[in-house]
Amino acid sequence: MMLKIENLFKAYGGTNAVIDLSLDIPSGEVFGLLGPNGAGKTTTLKMIPGLVVPDSGRIGINSVDSSADPRRARSHIAYVPDEPSIYPRLSGREFLSFTGRMREIPPAELERRIAFHEELFNMGGWIDSRAEGYSHGMVQRVVLSAAFIARPSLYVIDEPHVGLDPATAETFNRMARAAAASGAAILLSTHTLSVARDFCDRLGIIHEGRLIEVIRTDQIGGEDLQDIFFRI
């Protein structure tokens with residue numbers, strides 16, 4: 001399994017955010033987390049790269065125990081938060097160059113990847129200006145580009161479509177599908193039911209910190225996903 005989560009638990013004060021959550025995601029799969037605000041989606045996603053430390057449970061990433069060897073585990077991940085940010089005095093290109101060097105991508109190859117994503121995500125008119133003038137959608141395009149440039153084994157993305165215009169959202173979908181076809185696993189959260197049904201292979205419905213149902217999108221049939229969601 002590319003991602004193996006076992007009995008994950010996290011509480012903030014007296015509030016249980018994630019309760020006994022277990023999940024396996026193999027290579028090549030796009031898995032979507034669905035749930036209302038406050039259900040535990042973002043906390044779950046943040047625990048995978050180590051931004052939030054679980055109180056108990058285990059996270060394995062490409063057969064690496066994240067608590068035993070966190071640096072090696074993180075080397076397999078690209079994480080995109082729900083509110084992405086770039087240091088405001090860097091340009092988009094400088095941010096991509098910095099993150100690529102942190103990934104130890106050879107300079108010539110890094111330049112090639114940046115040029116490819118600059119064109120792919122239509123960033124040519126502003127990628128060399130400072131990020132302090134970027135809109136949310138522009139920041140999102142740069143941060144998603146950084147994830148794809150890294151070519152990790154596991155993508156963890158919180159609400160990837162927020163702030164993207166339809167054309168850019170479709171570009172993301174195609175890039176993510178290509179990454180999955182190349183063997184990567186993708187875990188994302190979304191509030192958009194149409195995205196969940198059309199884009200993901202499986203969906204996990206999380207409510208009050210518990211993963212209460214996992215369904216395959218190819219088995220939904222004619223039933224409306226919204227009806228399934230609220231019934232569950």
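**Exercise 1. The sheet and its edges**

Task: In this predicted model, determine the order of the strands in the open sheet of 6 strands, and establish which strands stand at its edges.

Solution: Begin with the order, which reads β6-β7-β8-β3-β9-β10, the pairing being mixed. Next, look at the two ends of that order: β6 (77–80) and β10 (210–216) each have a single partner strand, so one side of each is left without a neighbour in the sheet, and these are the edge strands. From one strand to the next, the twist averages 15°.

**Exercise 2. Pairing of β7 and a helix across it**

Task: Find the sense in which β7 and β8 pair, identify the bridge partner of V156 in β8, and state which helix lies across β6 and β7.

Solution: Strand β8 (residues 185–189) pairs with β7 in the parallel sense, and the pairing extends over 5 bridges. Within this pairing, V156 has L187 of β8 as its bridge partner. Turning to the helix, α5 (residues 136–150) is the one that lies across β6 and β7, and its direction is at about 170° to that of β6.

**Exercise 3. The surroundings of H161**

Task: Locate H161, decide whether H161 is buried or exposed, and describe its contacts.

Solution: First, H161 belongs to the loop that connects β7 (154–158) and α6 (166–181). Second, its relative accessible area is 16%; because buried means under 20%, H161 counts as buried. Third, leaving aside residues up to four places away in sequence, H161 touches Q140, A169, F172, N173 and V195. With N173, the side chain of H161 also forms a polar contact of 2.7 Å, side chain to side chain.

Key:
Residues numbered from 1 in each chain as written. Predicted model: local features only at pLDDT ≥ 70, side-chain atom pairs only at ≥ 80, totals over all residues. Heavy atoms only, no water. Helix = DSSP H or I, 4+ residues; strand = E, 2+ residues; numbered from the N terminus. Buried < 20%, exposed > 50% of the residue type's maximum accessible area, 1.4 Å probe, protein only. Polar contact = N/O pair within 3.5 Å; in protein donor to acceptor, adjacent residues only side chain to side chain. Contact = heavy atoms within 4.5 Å. Pairing = 2+ DSSP bridges. Axes fitted to C-alpha atoms, helices over the stretch in contact; angles between N-to-C directions.
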